[in-house]
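Some notes on the structure follow, as numbered points. They can be read alongside the coordinates.

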Amino acid sequence: MKKFVIILLVACLALGCGLGYFAAKNSAEPSPAPAAETEEPAPAEEGANAVTAPAAEESAGDAAAEETPVRTLDLAAIRALHAPDEIVGDVDGREVSWDEYYYWIAEMGSQAQNHIYTMAMYGQSLDWDDKLSADSEQTFAEYTLDMAQDCVRQLATLEAMAKEYDVKLTAEDEAALAEQLRSDIDASCGEGASEEDFNAYLAENDLSREMYDRMNRASYLFEGIFRTIYGENAESVTEEDALAYLEENEYLSAAHILFRTVDDSYAPLDEATVAEKLEQAEAVSAELRAIEDPEARAKRFAELKEQYCEDPGRVDYPDGYVFVPGMMVEEFENAVKALADYEVSEPVLSAHGYHVIMRLPLNADATVTLSDDGTPVSARRLYADNQFNELMKNRIDASVLTLNDDVAALKLTDYLG
């Protein structure tokens, strides 16, 4: 795993270029399961040298920053090394211009510079020729160039794959790009500004119009390749493959009827109310377990769930949950593991309340998680995403970037102020 910051082209593709590029330049992987059944999520793992300092230390940090000299990368001097349209290498025969390579040096260099400066604010002196971490042999300067080269290879690989799969932008894609361009022009240069104004603005920020267009188009090519292989919503993925993916990753599936014993702030309800909840849970469980036919039991379960369930997540996951071990609270998970398909548990107590659980068979089309925009993500889609990421990774890993000798010999530490 790369250290200190994780910059992947895929992240750029997800956001497009435009203002997302400038925000990153100037400042520095599923939706969680419903809270009614999950443990508090652990904080996302940061890069090895990432730091979040408390506000109370800001004044001390400011003082440290004044005492800690920080060498800065002279991007203007680097940019002037070659003409923008000079071909400085290729990726498997696809030409790479200095404009493109420099774009990624500037982007990665700005990220690294911001990290070094931030660390200096809190008294940790880092420099470009320091190692990324105690177990790394790479310096910040070397890593920056390595990441820039990775991004060149990723973009070239993506464009080569689009050509291979005959993926072209649709009319809807082109319309969306035009809308994005107009939005970026207005946001960057003022409402009603011209494309010439915008091109000048891009140039001031180390970004050519050609690279801006390529980056924005790349996100649609990425989506187009996926659709060509797996279908719009991964409908080309077979049920067999989707179910095999769930089984290999130890997914479980279950629905439940939750009788909450805590309020929205997780403060316990009074004893009388808790006792009433338990009585209801026991009655519901007994009724369901008395039904011998699985289909009839599942139908009655759905009716009782509609009547009694107090889980906020039932709105997004009306048919139950598909989850991996460790995702749900321990009591819930253990109860599911002990059940056969369509078997119903006795009331199971967790920090959320009493659960009456029915285990479900794995389903290729069941909602496993939600996308960032709230769209249900099925097992077919998870499988397709996993396979597509692996395909992209293998293709990128197999690609070869060859740089001209003088460009390959570039050392960022020669351009520090």
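1. Contact here means heavy atoms within 4.5 Å. The model is predicted. With that contact cut-off, the residues covering the buried side of helix 13 can be assigned: the cover includes strand 3 (252-260), strand 4 (321-323), strand 5 (348-350) and strand 6 (353-359).

2. Which residues of helix 13 are buried? In this helix, residues 330-337, they are Phe-332, Glu-333, Ala-335 and Val-336. They sit on the same side of helix 13, because the arc they cover around the axis is only 165°. The helix lies across strand 3, strand 4, strand 5 and strand 6, and its direction is at about 130° to strand 3.

3. The sheet under helix 13 deserves its own entry. Its 4 strands form an open sheet with antiparallel pairing, in the order 4-3-6-5. Strand 4 and strand 5 are the edge strands, each pairing on one side only. On average, neighbouring strands are turned by 45° against each other, direction ignored. Strand 5 and strand 6 run antiparallel and are joined by 3 bridges; Ser-350 has Gly-353 in strand 6 as its bridge partner.

4. Helix 12 also lies across part of this sheet, namely strand 3 and strand 6, and runs at about 40° to strand 3. Within helix 12 (residues 294-308), Arg-300 and Glu-303 are 3 residues apart, about one turn of the helix. Their side chains meet in a salt bridge with an N to O distance of 3.0 Å. Arg-300 is partly exposed at a relative accessible area of 26%, and Glu-303 is partly exposed at 38%.

5. A second salt bridge to check is that of Asp-365 with Arg-380, where the closest N and O atoms are 2.5 Å apart. This pair links distant parts of the chain, 15 residues apart: Asp-365 is in the loop between strand 6 and strand 7 (367-370), and Arg-380 is in helix 14 (residues 379-398). Asp-365 is partly exposed, with a relative accessible area of 48%, whereas Arg-380 is buried at 15%.

6. Salt bridges that share partners also join Arg-94, Glu-100, Glu-159 and Arg-214 into one network. In that network, the side chains of Arg-214 and Glu-159 meet at 2.7 Å, N to O. Arg-214 belongs to helix 9 (residues 209-230) and Glu-159 to helix 6, so their salt bridge ties together parts that are 55 residues apart in sequence. Are these two residues buried or exposed? Arg-214 is buried, with a relative accessible area of 18%, and Glu-159 is buried, with 16%. Over the whole structure, a search finds 23 salt bridges.

7. In soluble globular proteins, nonpolar side chains tend to be buried together. In this model the largest nonpolar core has 76 residues, and those with the most contacts inside it are Trp-98, Tyr-101, Trp-104, Ile-105, Trp-128 and Leu-412. Helix 6 (residues 140-164) supplies the largest share of this core, 13 residues. There is also a second, separate core of 15 residues, which includes Ala-255, Phe-301, Val-344 and Val-356.

8. Two residues of interest for contact analysis are Ile-105 and Gln-113. Leaving aside residues up to four places away in sequence, Ile-105 touches Trp-98, Thr-144, Leu-145, Ala-148, Leu-410 and Leu-412. Gln-113 lies in helix 5 (residues 98-121). Why does Gln-113 count as buried? Its relative accessibility is 13%, and buried means under 20%. With the sequence neighbours up to four places away again left out, Gln-113 touches Val-70, Arg-71, Thr-72, Leu-73 and Trp-128.

9. The last point concerns a hairpin. Strand 1 (residues 87-91) and strand 2 (residues 94-97) pair over 4 bridges in the antiparallel sense. One of the residues involved is Asp-90, whose bridge partner in strand 2 is Glu-95. The hairpin has 2 residues between the strands, and Asp-92 takes a positive phi near 50°.

Methods
Residues numbered from 1 in each chain as written. Predicted model: local features only at pLDDT ≥ 70, side-chain atom pairs only at ≥ 80, totals over all residues. Heavy atoms only, no water. Buried < 20%, exposed > 50% of the residue type's maximum accessible area, 1.4 Å probe, protein only. Arc of directions from axis to C-beta. Core = buried A, V, L, I, M, F, W, Y, C linked by side-chain atoms within 4.5 Å. Salt bridge = Lys/Arg side-chain N within 4 Å of Asp/Glu carboxyl O. Pairing = 2+ DSSP bridges. Axes fitted to C-alpha atoms, helices over the stretch in contact; angles between N-to-C directions.
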